[in-house]
Each structure stands twice: as structure tokens, then as C-alpha cells.
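Open the model in your viewer and keep the selection box ready. We will start at the ligand and work outward.

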Amino acid sequence: MSGNDDPRRLVPGVDRVLARPWCGQLVEAHGRPWVVARVRAVLSAMRAGVVQAPETDGALRDLVLAEAATAAEAWVRPVVNATGVILHTNLGRAPLATEARSAMAAAAGYCTVEFDLAAGERGSRYERCRRLLAEMVGAEDALVVNNGAGALALALAALAGGRGVVVSHGELVEIGGGFRVPEVVEAAGARLVPVGTTNKTRTRDYARALSGGQAGAVLKVHRSNFRLSGFTEEASVENLAALGARAGVPVIHDLGTGLLADPAALGLEGEPTPAQSVAAGAGLVVFSGDKLLGGPQAGVVAGAEELVRRAKSHPLCRALRCDKVTLAGLEATLALYRDPARALQAVPVLRMIATPAEDVRGRACAALEAMFAAGTPPGAATVVEGESVIGGGACPGVRLPSALVSLDAGDRLGAWLAGLRAHDPPVVARGRSGSLLADLRTVDPADDSLVATALASLSGGGPPAS
Ligand SMILES: *Cc1c(COP(=O)(O)O)cnc(C)c1O
């Protein structure tokens, strides 16, 4: 940034700008200190030559108003996800059910999060989620923390702090965002005891490590974000639980995805569920609230009463405590699972996975018709076969056949994708070799026409006929 010896004579002083009537209006709306900061930002950009000093009052006003508008805009804004990635971590992972959204809005004020209305005294923060989760997972007890990573760190610290954690070499994975199993074990104050090899780890590899008597837990990590295939072998939760029982060492199973619905109903055969894992003898299971469970960001620790009690009384539990709004949203999401058929419709993540390709195709064709009616030239857009993915580091091998609205963008692809992102509300789509692709599987059907209008406005269509 240049100093006050800058020769740009056209750059006015802050006070002169603040004295303009239009700036007075801005001060009235936002308060003086904030407006002064915006004006300073514009003026210093001029002095630095980043923007040209304007010659008219109107041009100066436009610059300041644009800066103010950008600064006042919220960072977290709703977007329409037309990428076909269901658990899009950058776009907030699971979109919540209507019931969860209302419960979260209602809990934002005073609420009963830690208050027992019947007794008129303090109650347990986790009571309702605890009961719902324990029942659904078939566990004796459960606990909710901030996220899956926190749930794993807490389980490890509580059961194996200062002791060994036996893990297969094939499960020393990175989950994403720098979250690596060996580092989490270390951060939890436990010692990593890797066993077996990358592709094959047998029960007897664990047995050998447990014979030393130094281990506090056996950890099994679900390979949720990559596939291991070919010459492979791994120990089942059943075998590890039996082995652990003889050695007096519990098994922690990090499932990551937290699928509470029937995998077969979603075409996700083979995806392990917390209930299966608890039934197979895992002492604790840990999983996320905002992956396949379809709720808000949270981490669940469920399992044997004594082990959950140890997690609950560990100091880290307080540090990972989640807030009332999250607990209300999770509780409302879990309540939708009472009726499994209803959950497949009411939990958006499950509904999106279960939507047949033919239904997505029907919606894509309707959107295409709307685009043509709005002026998109025939031949510029079509519906093509494609695939949606689950995303969020879950079910890497699963591809859901889908139908995509494809718009011929040519070398304007980047500009058109940016145009969609600048739309209100922003629409995030995909691009591939000159084609702009919109997958309506991840769009709320109520937003289909909005996507069609936004696409049409790129391709020569006029504004919406409202
Ligand atoms: C996603 C995942 C985690 C981390 O959960 P967050 O809720 O993202 O913190 C941990 N373990 C596994 C296996 C996962 O897939």
C-alpha cells in the first residue's frame, strides 16, 4: 500500500466522502464506524491503484456502495446444490429435514435443553437424543458431541488414554481435512499399536498385540472414503469383540457414516450400520450426525453403559459439548426414523439417495421444457445420462444413475458457472468439456423451476415470467 505521498490527486479524504448525502444515508443504516471502515477500504484501494479514482461523485458513490454491499453480505448463505453430490461438505453436508429446521429455530431461544419440566429442576442435556439413539442402535447408552472426529477422540481418550490402541495398518486412514487416524490416537493421549499389513490383517495379528497387556482398546475404522480390493483380508467386529472380551479390552468401531436406515432400501448393501456393529459386540461405536444419518453436524458415541459413562466423565467431553440448537435438530431428525418408510421420504439425504433415476429424469425434462419456454434455443440444451455420488467421504464405490440437464456452454463454461453462483439464490452446478451440467437429484423439487430459470437466463432466455 502506498503512503500519503501518492500523486493521485483525485483520491478524496475520508471526511469529504462522509460529508456526501448518500454517505449520510449509509451511516444511518449501518452506523458510523462501520461506514468509515468501508470508505477507508475504498480510498486505500484507489491509492494503491487497485481501482481507479473516480471522476464523479456518482462513480465514487457506486464504489462505496458496492464495497458496503459486499461487506454486509453474510458468508453463510443458502445455495441450491445442483452438483449431484449429496453430502457436499463445502455446501454444508446433509440438508436438514423440515422438522429438524423448525426444531432448531424453536430451540434458538430459551429451551429445555438441560431442564426437566416435570421436576422443575436441572435435567440431563443428552437425555432425549440418548434414549432415541440407544434404542435405534440397540446400545445401552449413547452420548452426543460436536462431530465424528470429536466422538472418536473422546472414545480413544476415555478408554485408552495413556495406553495402547491396536489398529490395522490398513485402517490408518486420512478422513479429510487433515484428520488422520494415527494423529487422532496420539492427540487423544494414546499410543498407536499398528498390526497386520495394508491389505491383510487377521484376528491373530490383533491377538499377538493384545497379549502384551498394554492395550486400552482395539480400534476398527470403517474405510468410508476409499476402497481396498483384490488380495485383502480383515478381521470382523465379531472376532475382534470375542478376542477383546478374553483380553478385557473393548473394541471401538469408527463407522463414520452413521447409516441408521436399512442399507438394502437405499441400494447401499454392504455399508455397515451402528446397530450391526453393536450387535456384533463392539464396545463403542462412533459416527457422524451429518453424513448418512442426515442430521446436523454432531458426533455420536454409543455402546456399553460402562464405556459411555467413562466417555461422559472424561474432561474432553465438556470441551466437545454441542449446543442446544444442534441437539434439537438431531432429536427431530432421529424422531423421523420411528417409521422407516417415512424416514426414507422425510430425511432429505435418504430421499435423494432413494430417488429413482427415472424420477430425476422426469424433473430434468420438465426443467428443459421450462428453459425452452423461457427462450433457450432448441439444440442448446438437452437431458443426458449421468451419475450422482454420495460424497462427504462416504460410500466411494457407489454411483447413483441420474439424468442431468446439459447446457452447451463451449468456452463460456467458466463464466456461466460463475453466473449461476452469482444468481440469487446462488446455484452451484458442474461443468465438463464445454457442457454445464445440473443434477436435480440434490435439488429440492420446489427449487426445480428456479434452476430452470437460472439456466435459461444464461442461454439466451429472458427473465422469469412471474
Ligand atoms: C467422516 C468420518 C470421520 C469424521 O467425522 P466428522 O463428523 O466429519 O468429524 C471419522 N471417521 C470416519 C471413518 C469418517 O468417515
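Select A149 and the ligand. A backbone N or O atom of A149 lies 2.8 Å from an oxygen atom of the ligand. That is a polar contact (a pair of N or O atoms within 3.5 Å; within protein, one must be able to donate a hydrogen and the other to accept it, and residues adjacent in sequence count only if both atoms are side-chain atoms).

This is a predicted model, where local features need pLDDT of at least 70, side-chain atom pairs count only at pLDDT 80 or more, and totals for chains, interfaces and linings use all residues. Residues are numbered from 1 along each chain as its sequence is written, and side-chain values use heavy atoms, with hydrogens and water left out.

Now add S288. An N or O atom in its side chain is 2.6 Å from an oxygen atom of the ligand. Add K291 next. Here a side-chain N or O atom is 2.7 Å from an oxygen atom of the ligand. On its own, the ligand has 380 Å² of accessible area, and the protein covers 93% of that. (Accessible areas come from the Shrake-Rupley method with a 1.4 Å probe; for residues, only the protein chains shown count as cover.)

Which elements give two or more residues to the shell around the ligand? They are α7 (148-160) and β11 (251-256). Helices (H or I, at least four residues) and strands (E, at least two) are DSSP runs, numbered from the N terminus.

Show the whole shell. The ligand is surrounded by R93, N147, G148, A149, I175, F179, H222, S224, D254, G256, S288 and K291. A residue is near a molecule or strand if one of its heavy atoms lies within 4 Å of it. Colour the shell by class: three residues are nonpolar, six polar and three charged. (Ala, Val, Leu, Ile, Met, Phe, Trp, Tyr, Cys and Pro count as nonpolar, Asp, Glu, Lys and Arg as charged, and the others, Gly among them, as polar.)

Next, select β13, residues 299-303. Is it covered or open? Five of its five residues are buried, meaning under 20% relative accessible area (exposed is over 50%, partly exposed in between; 1.4 Å probe, protein chains only). G299, V301 and G303 point one way from β13, while V300 and A302 point the other way.

Look at the partners of β13. Strand β5 (residues 141-145) runs antiparallel to β13, joined by five bridges. Two strands pair if DSSP finds at least two bridges between them. Find V144, which stands opposite V300. Strand β12 (residues 284-288) is also antiparallel to β13, with five bridges. There, V285 has A302 as its bridge partner.

Move to β14 (residues 381-391), which pairs in the parallel sense with β2 (residues 85-87) over two bridges. Pick L87 and its bridge partner G391. Strand β15 (residues 399-408) runs antiparallel to β14, with nine bridges. Pick S388 and its bridge partner L400.

Follow β15 to β18: five bridges join these antiparallel strands. L407 and L436 are bridge partners. Four of the five residues of β18 (residues 435-439) are buried, so this strand is largely enclosed by the rest of the structure. β17 and β18 form a hairpin with two residues between them. Click S433 in the turn: its phi is positive, about 35 degrees.

Finally, zoom out. The chain has 19 helices and 18 strands. Buried residues make up 48% of its 466 residues.
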